[in-house]
Structure formats: C-alpha cells, structure tokens
Amino acid sequence: MSTRPNLLMVVPLTWAGLWLPFLSEANLNVFVHGRDDYKQDDIDYVLSFRPPPGFLKTLPKLKTVYSLGAGVDGFLADPDFPKQIPLVRFVDPQLSTEMAQYVVLHVLLQHRHAKAFEETQKQSKWAQMMLPRKTADTRIGVLGLGEIGTMAGERLRDLGFPVSGWSRSRKQVGGIKSYAGEDEFTAFMGASDFLICLLPLTDDTRGILNAKTFAMLPKDSYVINVARGGHLIEGHLIAALDSGHLAGATLDVFQTEPLPETSPLWKHPKIVVTPHVAAISDPRVAANFVIDGIAHAERGEKHPNTVDMSRGY
Ligand code: NDP
Ligand code: OXD
C-alpha cells in the first residue's frame, strides 16, 4: 500500500474532470466517488461541496474535509457531518474579486437605470431626464463584512458610494461604517438604499431577508442576494416588490437550485436572475489550495481557513 495520502473527490463527475489535471501533479492518490474503486478505510482527505448526507461519517480514517467553495452550509446541513473532523473552506482573492465585480455590476446597472435606457433605446427616445440619484446620497449596506463582503464594500466605496457593513464583530475598514451584532441591525438596515447579502448561511442567518427586515429598509431600496438562497424568503421579496416598497432585486442564489422553470422569480419584472455564477472557484487555484492544505494537515498544522463549528462558518 502506498504511503501517499488518499484524497477522495465527492463531486459531480463533470466537475471532477476539471480538477483532476491539476491534482494529478501532486503526491496524492486521487479517487473519484462514483467512478473509482476505493476502500472507505483508506480515505484520508475529502474534497467536496455538497456531499450526500450521511456519506462522510462512513469514512473512518478521515483527517480533513476541503470545501470546493467559500460557503460550507452544504456540509453542515448534514446532521451526520462528523464535526470532530476539520472542515477547511476555500478562500481566494481571485474569487473575492469576481464576487465584488458581480456586486458592483448589479449596483451600477440599477443606479444608472440601465434597464430603463434599454427600453428607451428600443423606442428611439432621447430620455435625458433619467438622471441617477447622487452617488454620495446612495447608501450601500453589506450584510457580512468577511473576505468577500469587505472587498465588495471597498470597491463600491472607491466608486464614491457611502458604504456600511454589518457583522458579528466590529470591523475597522477604511471608509466603511461598521455596524455589529443584533442591536445595531435595525440602524444598519435603515441606512441601506442597496442591501447586499454576503453572509454565510447558518442557523442565525437563515431567512434573514424577510418581510420584517425588508420593512426596515428605506422605500425604493434594491436587494442583491449573492450568498445563499436560504437567506431569502422568496415570497416575501415578491410581496415587497409588488407593494412598491422595494425597487428591485438581483438574485444569484435560490432556495432550490437549479431554479425551477415554474418559479415566479424568473419572469418578475423587477427581479434579475443569474444561475449561481457570481463567481466560480477556479479549479487550478482551488486544486493548489487543497494540495497545500493536505501538506499542512500532514505536518499536523491547523489550517487558517478551518471552519469554527460553533459559529457554523
Ligand atoms: P466570511 O466567513 O469571510 O464572512 C462572513 C461574514 O458574515 C463575517 O463578517 C461574519 O462576521 C458575518 N456574519 C456571520 N454570521 C453573522 C451573524 N449571525 N450576524 C452578523 N454577521 C455575521 O465569508 P465569505 O465572505 O468568504 O463568504 C460569504 C458567503 O458568500 C459564503 O458563505 C457563500 O455563501 C457566499 N458565496 C457565494 C458565491 C456565489 O457564487 N454566489 C461564491 C462564493 C461565496 P464576523 O466577521 O464578525 O465573524
Ligand atoms: C461558494 C459558491 O460558496 O460558489 O464558493 O457558492
């Protein structure tokens, strides 16, 4: 038996095909669940995103689990997830940059009336009256000032928007006002003309975008959910848009993915839908991240991106 560590990929086979070329260069035995024969007793490490519930606990020698993505709710939703095993999440400046790009794009599309100008162009109409609200008067609120929320906030700040962020702990980020904890949530929401959700999905944040919290936002606010579908009560969003309280929303993530064809979100005139593509983990970067992570683990070191099981992120 080889002494090289054994890594099992528990992912759709099409994803495995993208990753394998980069993993094959490493000093690892790599197996793909559903494609290769392997012994459960031999598996040291797992790479996955949303493993089948109950599966990870069947691997008795598992040392560390690596997440293909930044969010780890797909692991922790499994009531049988072996919580004594370290779970390491993917953190990558390139991923954060792309997430920030997506957020900036959708803020600007709304702020600069892109949809309305598309319509007036169709009518050959010179609609010079639709000026944007002053940037300095357009307040951005970022729910979750972590790796990605901070970068998105900084990019919007650099464009001249007043930016605030809400997190559990107080932050010091130049030019960004920090609100912390439940006590400051209402004040944060009341100062958000754009609300951008970049929270992890945990028991504390599930359903945080709902009728009650939408009512805290100023009238005509715009909501961007780029975190997880479980943050949003979709029916409450539709009601807040139809009542005229909210101006619109951009959604990249959904309660059910792929979003069913019958979902009213697809055709709602005030909603922009994208298919969970705000940023995609780059297989080369992520494979190197896992290879490095395994080297850390083999040296007995704790990885800096290890999930805190008591917080759920
Ligand atoms: P981080 O863990 O770096 O940041 C999370 C932030 O949320 C932290 O600031 C944290 O506060 C705050 N937070 C967590 N729980 C609470 C709470 N109960 N109350 C207040 N604040 C809270 O995560 P990332 O920035 O790396 O990622 C965020 C999410 O983005 C991921 O979990 C994932 O769901 C989503 N994502 C979506 C992608 C897409 O393509 N749509 C791609 C990548 C990520 P504190 O700092 O005080 O701990
Ligand atoms: C992630 C994602 O969490 O792609 O990285 O959603």
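The six-residue setting of ligand 2 is a handy way into this predicted model: by class, the shell around ligand 2 splits into two nonpolar residues, three polar and one charged. The residues in question are Phe49, Gly69, Ala70, Gly71, Arg228 and His276. Look at the backbone to begin with. A backbone N or O atom of alanine 70 sits 2.7 Å from an oxygen atom of ligand 2, and a polar backbone atom of glycine 71 is 2.8 Å from an oxygen atom of ligand 2. Then there's a side chain: histidine 276 puts a polar side-chain atom 2.6 Å from an oxygen atom of the ligand. On its own, ligand 2 would expose 210 Å², and the protein buries 83% of that.

Stay with histidine 276 for a moment. You'll find it in the loop between S12 and helix H9 (283-298), and its phi is near 50 degrees, a positive value in a residue other than glycine. That's worth a second look, as most residues other than glycine have a negative phi. Is histidine 276 buried or partly exposed? With a relative accessible area of 22%, it counts as partly exposed, because buried would require a value under 20%.

Another histidine does something similar with its backbone. Histidine 113 has a positive phi of about 55 degrees, and it isn't a glycine either. Its place is the loop between H3 and helix H4 (114-122), and its relative accessibility of 27% makes it partly exposed.

While we're on backbone oddities, jump to the loop between strand S11 (246-251) and strand S12 (271-273), where proline 258 lies. The peptide bond joining glutamate 257 to proline 258 is cis, with omega about -5 degrees. For context, most peptide bonds are trans.

Now for ligand 1. How many residues surround it? There are 29, and the closest are Arg89, Ile148, Ser169, Lys171 and Tyr313. Sorted by class, this shell has 14 nonpolar, seven polar and eight charged residues. Polar contacts come from several parts of the chain. A backbone N or O atom of arginine 168 is 3.1 Å from a nitrogen atom of ligand 1. Aspartate 252 works through its side chain, with an N or O atom there 3.0 Å from a nitrogen atom of the ligand. At alanine 279, a polar backbone atom lies 3.1 Å from an oxygen atom of ligand 1. Taken alone, ligand 1 exposes 950 Å², of which the protein buries 92%. As for secondary structure, the elements that give two or more residues to this shell are H5 and S7.

So let's visit both, H5 to begin with. Helix H5 covers residues 147-158, 12 residues in total, and reaches 17 Å from its first C-alpha to its last, close to the 16 Å expected at 1.5 Å a residue. Which of its residues are buried? Ile148, Gly149, Thr150, Met151, Ala152, Gly153 and Leu156 are. An α-helix has 3.6 residues a turn, so residues three or four places apart point the same way. The cover over the buried residues of H5 includes helix H3 (93-111) along with strands S6 (140-143), S7 (163-167), S8 (176-180) and S9 (194-197). After the helix comes glycine 160, with a positive phi near 100 degrees.

Strand S7 holds serine 167. At 9% relative accessibility, serine 167 counts as buried. A polar atom of its side chain lies 2.8 Å from the backbone oxygen of serine 169, and serine 169 is itself among the closest residues to ligand 1. Leaving aside residues up to four places away in sequence, serine 167 touches Leu145, Tyr179, Ala180 and Gly181.

One last stop is histidine 33, in the loop between strand S2 (29-32) and strand S3 (45-48). Its relative accessibility is 28%, so it counts as partly exposed. The side chains of histidine 33 and tyrosine 38 are joined by a polar contact of 2.8 Å. Not counting residues up to four places away in sequence, histidine 33 touches Leu8, Met9, Val10, Leu13, Tyr38 and Phe55. Lysine 57 is 24 residues away along the chain, and its C-alpha is separated from that of histidine 33 by 15 Å.

Note on methods: Residues are numbered from 1 along each chain as its sequence is written. Chains are lettered from A and ligands numbered from 1 in the order in which they are written. This is a predicted model: local features need pLDDT of at least 70, side-chain atom pairs count only at pLDDT 80 or more; totals for chains, interfaces and linings use all residues. Side-chain values use heavy atoms; hydrogens and water are left out. Helices (H or I, at least four residues) and strands (E, at least two) are DSSP runs, numbered from the N terminus. The expected span of a helix is 1.5 Å times one less than its number of residues. Buried means under 20% relative accessible area, exposed over 50%, partly exposed in between (1.4 Å probe, protein chains only). Contact means heavy atoms within 4.5 Å. A residue is near a molecule or strand if one of its heavy atoms lies within 4 Å of it. A polar contact is a pair of N or O atoms within 3.5 Å; within protein, one must be able to donate a hydrogen and the other to accept it, and residues adjacent in sequence count only if both atoms are side-chain atoms. Accessible areas come from the Shrake-Rupley method with a 1.4 Å probe; for residues, only the protein chains shown count as cover. Ala, Val, Leu, Ile, Met, Phe, Trp, Tyr, Cys and Pro count as nonpolar, Asp, Glu, Lys and Arg as charged, and the others, Gly among them, as polar.
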